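Welcome, and please take a moment to turn the model around on your screen before reading on. The paragraphs below will walk you through it one place at a time.

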Amino acid sequence: MLPSKRLRVTAFTMGALLLAAGCGSGDGGGDTSELKLYNDKGAWKPFFEQMAALGKQQTGLDMKPVGYTDEPTYTAFIKSSFRTNVKPDLFTWTTGGRLKEIVEQNQVAETTKLWQDAIGSGDLTEELKTYYTVDGKQYCVPLNTAYWGMFYNKKLFAEHDLEPPKTWAELEKLAQTLKSKGQVPFNQTTPTSLFSFAWFEQLLAGSDPDLYDRLSKGEASYTDPGVVKVMERWKSMIDAGYFTKPGDKSDPADHFKSGEAAMVINGTWFNTSMTQRGLKQGEDYGFFFIPNVDPSLRKRSLIFESGPLCSLRKAPDPDASMKYLKWWITPAAQEKWANARGDVSGNPKVKVADPELDKVTKEAASNENRLILRYFEAAPAPVLTEALSGFDKFLNEPGSYMDVLEAIQKVNENYWKSNGGGS
């Protein structure tokens, strides 16, 4: 991965992280009854703790979540564990280029047999396996599965007599109406650059999903006219005042609860943030899949993600870690995990308790959708790093979009020259 200011951690900070990790992780040969699950989802601690209680009951293994809220710090810690004796038993990551990167470094425990057995029992699907496959073998298991769409404040919509849009034109009109009433239509999605790609992927996938796919494979340029047009559309929305101010450090869910922003793009896992704030789906907020920008597309482009739960090849106790991964994907574990957080599951046997979320799940399964892998996973790791930094710059300086695209394309070209493929 190319150097990034966001991923630089000083020796002092890293030393503190390693000390904080404690001595519970070893050098790959132990026998343990408590596993440490490192994750970049610090706000999910209560839900991990619920899973720990159930897991201890059903497997005999206890689990302690160690949560981070700063993604660059978390990434730096996990990568440092490859070179030290302080190794996580389990850890969360992302699929796509970032998973491929650490698999190729021979760090991740293979789960091919686990996937074969789980698909045979109906606990996992062939479609999902694609996202966990590197060079024909599987690694990790699904921590969560999510679809991206638009959360909206039902009370604000009712106040202005608005309905969820069925076309892109209706979405634009809706934003214009809200803006004319003194209401900010959209939240920027994130207080950091971590999700600065959200509108880019949505606009591109909804305009030209084939171009989106080619871009992720190095078969197209970031300066392609279709990509430039997407950035110009995005800029016009920013110029129109449709978004909250960039750089705002408030959590999107707080903006949403306060009514400062009427809508926010996010994955279905954002339900967890809402329920933690006492908001109820169907009453306080709703959710709709975003219509295509290009109405002539045969299928609706639906952004999809599945985040992995992994174990290191040299985990402190490999057998215990693998036992926990096998349990994690069972119906009993997944039903608890999905319904506690208010989200969907990668296990098709799991019943979603929330009727509103059940509707979302069924709509997502429709063959009228074209699943599009989330940009965070679709882009190769070095390209993603440059793009997140570039999109963050663009949000603050919308007129810089060509400079941003050219910088990303330079990294894109270098990556594919070194890794084969591309155009």
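What follows is a short tour from a disulfide to a pocket, with a few single residues along the way.

This is a predicted model, in which local features need pLDDT of at least 70 and side-chain atom pairs count only at pLDDT 80 or more, while totals for chains, interfaces and linings use all residues. Residues are numbered from 1 along each chain as its sequence is written, and side-chain values use heavy atoms, with hydrogens and water left out.

Let us begin with the disulfide, meaning a pair of cysteine sulfur atoms within 2.5 Å. A search of the whole structure turns up 1 disulfide, and it joins Cys140 to Cys310 with an S to S distance of 2.1 Å. This pair links distant parts of the chain, 170 residues apart: Cys140 sits in the loop between β5 (137-138) and β6 (141-153), and Cys310 in strand β10 (residues 300-310). Element names like these refer to DSSP runs, numbered from the N terminus: helices are H or I with at least four residues, and strands are E with at least two. The link of Cys140 and Cys310 is right-handed, with 100 degrees about the S-S bond.

Are these cysteines buried or exposed? Here buried means under 20% relative accessible area, exposed means over 50%, and partly exposed is in between, using a 1.4 Å probe and protein chains only. Cys140 is buried because its relative accessible area is 1%, and Cys310 is buried because its value is 0%.

Stay on strand β10 and you will find Ser306. With a relative accessible area of 1%, Ser306 is buried too. Its side chain makes a polar contact with the side chain of Tyr132 at 2.7 Å. A polar contact is a pair of N or O atoms within 3.5 Å; within protein, one must be able to donate a hydrogen and the other to accept it, and residues adjacent in sequence count only if both atoms are side-chain atoms. Not counting residues up to four places away in sequence, Ser306 touches Thr95, Leu128, Tyr132, Pro142, Asn144 and Thr145, where contact means heavy atoms within 4.5 Å.

From Ser306 we can step across to Arg374. The two are 68 residues apart in sequence, yet 8.8 Å apart in space, C-alpha to C-alpha. Arg374 lies in the loop between β11 (369-373) and α17 (375-378). Why does Arg374 count as buried? Its relative accessibility is 5%, so it counts as buried. Leaving aside neighbours within four places in sequence, the contacts of Arg374 include Trp148, Phe195, Glu201, Ile303 and Glu305. The side chain of Arg374 also makes a polar contact with the side chain of Glu377, at 2.5 Å.

Glu377 brings us to the second largest pocket, since it is one of the residues closest to the centre there, along with Gly96, Ser216, Leu373 and Ala378; 23 residues make up the lining. About 620 Å³ of space lies in this pocket. On a 1 Å grid over the protein atoms alone, a pocket is an open set of points where a 1.4 Å probe fits, with protein on both sides within 12 Å along at least five of seven lines, and lining residues have an atom within 4 Å of a point. Grid points are joined across faces, edges and corners, and the volume is the space filled by probe spheres set on the points. Elements that each supply at least two lining residues include α4 (97-104), α10 (209-216), β11, α17 and α19 (401-419).

Helix α19 also holds Val404, which is buried at a relative accessible area of 3%. Beyond four places in sequence, Val404 touches Gly390, Phe391, Lys393 and Phe394.

Finally, consider two loop residues. Most residues other than glycine have a negative phi. Asn106, in the loop between α4 and α5 (112-121), has a positive phi near 60 degrees. Asp135, in the loop between β4 and β5, has a positive phi of about 55 degrees. Asn106 is partly exposed at 45% relative accessibility, whereas Asp135 is exposed at 67%.
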